[in-house]
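Please work through the exercises below with the structure open beside you, and try each task before you read its solution.

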Amino acid sequence: MSTIRATLGGNPEFRALTQREEAVLISRIAASPHSRAPKQPLPRTAPGSTQQPWSFAAALTAGLLLVAGEVAADSAEWTSLPPLPDPLGVAGPFAGVSHGALLVGGGANFPDGPPWDGGRKVWHDTVYVLPAADGAWQTAGTLPRPLAYGVCLTVDDGVLCVGGSDATEHHAEVFHLHWEGDRLKTESLPPLPHPLANACGARIGPVVYVAGGIAQPQSTRALQNFWSLDLSAPETGWQELEPWPGPGRMLATAAVQDGAFFLVGGVALSAGTEGTPVREYLRDGYRHRVGKGWERVADLPHPLAGTPSPAPAVGQSAFWMLGGDDGSKVGFEPLSNHPGFSKQILAYHLITDTWSEADPLPAAPVTTTVVDWNGAFIIPSGEVRPGVRSPECRKLVPGSGRAAFGAVNHTVVILYLLGMVGIGAACARRNRSTDDFFRGGGRIPWWAAGLSIFATMLSSITFMAIPAVAYAGGWNLFLANSYILTTPLVVFVFLPFYRRLNVTTAYEYLELRFNRATRMLGSLLFMIFQCGRIAIVLYLPALALATVSDFNIHTSILILGGLCLVYTVLGGIEAVIWTDVAQTFILLGGALFSLVYILLHVDGGLTGAWQSASQHGKFFAGVNWNWDLTVASGWVIVLGSLFHNLFPYTASQDVVQRYLTTRDERTAARGIWLNALISVPAQAVFFALGTALFVFYRQHPAQLDSNLQNDAIFPFFIVSQLPVGLAGLVVAGLFAASQSTLSSSLNSIATAWVTDFHRHLRPGLDDRACLRVARWVTLIVGLTGTAVAMTIALLDLRSVYSTFLALIGLLGGTLSGLFLLGIFCRRANGRGALLGALLSAAVVFAVRFLHPLNVYAYAPIGLITGVAGGWLFSLALPGRQRNLDGLTLHSSIRIP
């Protein structure tokens, strides 16, 4: 049986990259006894202490070693449900789920003996119900008539039955079966345009699609019809849609994946010399997308018909063809010795448009359906040989075959982690004041500050997400690299205010310009977002690694969070920046090595990869230069990113804090320019990496896991393809991307709390006491974020948590609008600024819930609304005059 590696995850909520929100169901990962955290308590070190961080680090890395020997070799799990009460089984049954119970009804078999012995085919109307997988079948009732070979789908907590045949004719009726716990209820729906059997169908949202089939039992022409029924408005009846650009067919397979309808294989009919139907087995396939019509996809490796339909959608971008009749045994004699149908699983990969083979099925029924029931795929009964049915009901659960990471790779990662702690310990001796802890005492070289800004902006989520975006789509989002355009505004407008006012947090400016309430609002919004982001930055890379390798998710979270916490508590912003510098080289080095390695292992090298990617539109071919704000069109990305990038570079403390760590304004400006200059080529490397992954897996489809989530494609490649030791280095790069963002969040939250809140709540506190508070805040926030990440992993709360982060993240335009209002509008006042911010937030949330737009559209809306509203409210509600010297762009007084 094939080993199918599953990775469930992928995060749509990443800074300046999100295209759309996805609701992704993440399978809960059960930790084995060998992958639990150590039971003995870990030695504790006081937050203010600089002594012996190694005992804590050693204890945590020991936890990582616990999973080094754990090798998971799970495969797709096939089990059997209780067999149908009919001992012969049936072909062409109607099946689905209603109120949590599995229904199987109708079908046809040969109760009087096999057809080669003169047995007569009989159609049935009995409906059976299985309340639970470990329960027993019961008789639920009957269909309106004996019926088989129709289309059946689970919809609206019942089973939709479409068309079908009996012993004499085909039917057009459509009805809905509801199991109400003690009785079966049948509800009629609009009939098909004409009788139909041996068709296939699938559902996308409320719309049901039916394709192909034949109108009469002895038809010599298969149909090319493509119909739809909107179940949210069934009174409109069936709609005839554009047919696919291929021959008519019956016994084809339907599938739905990524919002598209697929039609694959089947049988075409023609009239033989005696007028009887002659079959032609097909291998062509087509995809239909609403608004875009049909397009041809890669042909099957060999013809298939009668495969259980609809084919199960697996992972985020694949579906499986479970066996089928390949036509190779047509005319086999004697039928009593027929060996049965193909047991080969064929996996179709949407992104690479390729097919790959898996090991044989345990059984190969045809002319039956596939039912998604409680997270498993059920194949009820079916025909296993011509004229022979089976009562067996098979249950398929896609499994997880995670690669062993190995001792060498683990050693490389451990050395990296200990190195980061060593940097923190080295910097700890120089942290004697809050100025050292928050601003590095102004000792940071400009180039280190610039690299730190870059590392802060490139999180582990982006490390995985940019290659995934390029792999699945193209380079459209590369257009969001507006850093060169925003950098002059930052350097020549914002930076002088922060440096000349000698602030520690960006939000001090808001108090000087407006009032304390505005300052606290800005600082509080920043801290809420960063506190929430810590958990997701820890969770997602740990999840991706845990589901493609033998990393334990909880241990990974503990390692990442714990060791980052150690060096951040000890070394403050100086440790954060110097570890960022090291992490920049590690993560970029890992990405560059992976890119070169892929190009060396694809046909044609760089030239071949470029030609293949260009041929399949993997660069900018898909950019749509319209003004539709609901999609990631070219203009929306380019213009929206200008506003989107203003927030991190002008109003987000984790980035602004770097401006204040260098010797003076001139050196800070150099660091900002360095970040802008390296960000674009660095992002190009990650986009190129995703494109190279597409070419690699298109040429090697058998090595692509069909159960993979797109955002895990790079981690999957790392653990499955890179050489021993080098895989450890690249995983260290993934850890580096996570820890650079995490440490920045921790230190900036501590800085914002102590500077913007604690010193006002405790005005008499001396500087050393504030330093202790900063370390305690760092520790508490880090432990809380790690605990939340562990809880998300344990209780599967990702979708709820991602929604929270997405909503908070909508306020970036609102916050940056406060700064622009203060700098550019002399007549703006504190009351007007606060009201403008509230209006901005209200408008953004209203748009988000009433008419969702592309993520890049919210920042311009929030910023423009906040600035315009703040200015108008200030005019309508003038306050007392404040001294604005050095606080607006129009001020002529420069503060020394």
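Some notes on the model come first, and four exercises with solutions follow.

This is a predicted model, in which local features need pLDDT of at least 70 and side-chain atom pairs count only at pLDDT 80 or more, while totals for chains, interfaces and linings use all residues. Residues are numbered from 1 along each chain as its sequence is written, and side-chain values use heavy atoms, with hydrogens and water left out.

**Exercise 1.** Find the volume of the largest cavity and describe its lining by class.

Solution. Begin with the term: on a 1 Å grid over the protein atoms alone, a cavity is a set of points where a 1.4 Å probe fits but cannot get out, whereas a pocket is an open set with protein on both sides within 12 Å along at least five of seven lines, and lining residues have an atom within 4 Å of a point. A volume is the space filled by probe spheres set on the points, which are joined across faces, edges and corners. The largest cavity has a volume of about 250 Å³, and its lining is made by 20 residues, with Gly-150, Ala-199, Ser-309, Thr-367 and Thr-368 nearest the centre. Two elements, β8 (151-155) and β12 (200-204), give two or more residues to this lining; strands such as these are DSSP runs (E, at least two residues), as helices are (H or I, at least four), and both are numbered from the N terminus. Finally, sort the lining by class, where Ala, Val, Leu, Ile, Met, Phe, Trp, Tyr, Cys and Pro count as nonpolar, Asp, Glu, Lys and Arg as charged, and the others, Gly among them, as polar: the result is 10 nonpolar, 10 polar and no charged residues.

**Exercise 2.** Which residues lie closest to the centre of the second largest pocket?

Solution. The second largest pocket holds about 1,200 Å³ of space. Of its 45 lining residues, Lys-121, Met-250, Leu-251, Arg-279 and Glu-383 are closest to the centre. Strand β18 (residues 277-289) gives the largest share of the lining, 3 residues, and by class there are 21 nonpolar, 14 polar and 10 charged residues.

**Exercise 3.** Examine the backbone at Leu-251, Tyr-149 and Pro-310, and locate each residue.

Solution. Leu-251 is not a glycine, yet its phi is positive, about 55°, and its place is in the loop between β15 (239-240) and β16 (253-257). With a relative accessible area of 14%, Leu-251 is buried, a word that means under 20% relative accessible area, while exposed means over 50% and partly exposed lies in between (1.4 Å probe, protein chains only). Tyr-149, in the loop between β7 (138-142) and β8, has a positive phi near 60° and also counts as buried, at 11% relative accessibility. Turn last to Pro-310, which is joined to Ser-309 by a cis peptide bond with omega of about 0° and is found in the loop between β19 (293-297) and β20 (313-314).

**Exercise 4.** How many residues apart along the chain are Ala-669 and Leu-495?

Solution. Start from Ala-669, whose place is in helix α14 (residues 665-699) and which is buried, with a relative accessible area of 12%. Leu-495 is 174 residues apart from Ala-669 along the chain, but the C-alpha atoms of the two residues are separated by 7.6 Å.
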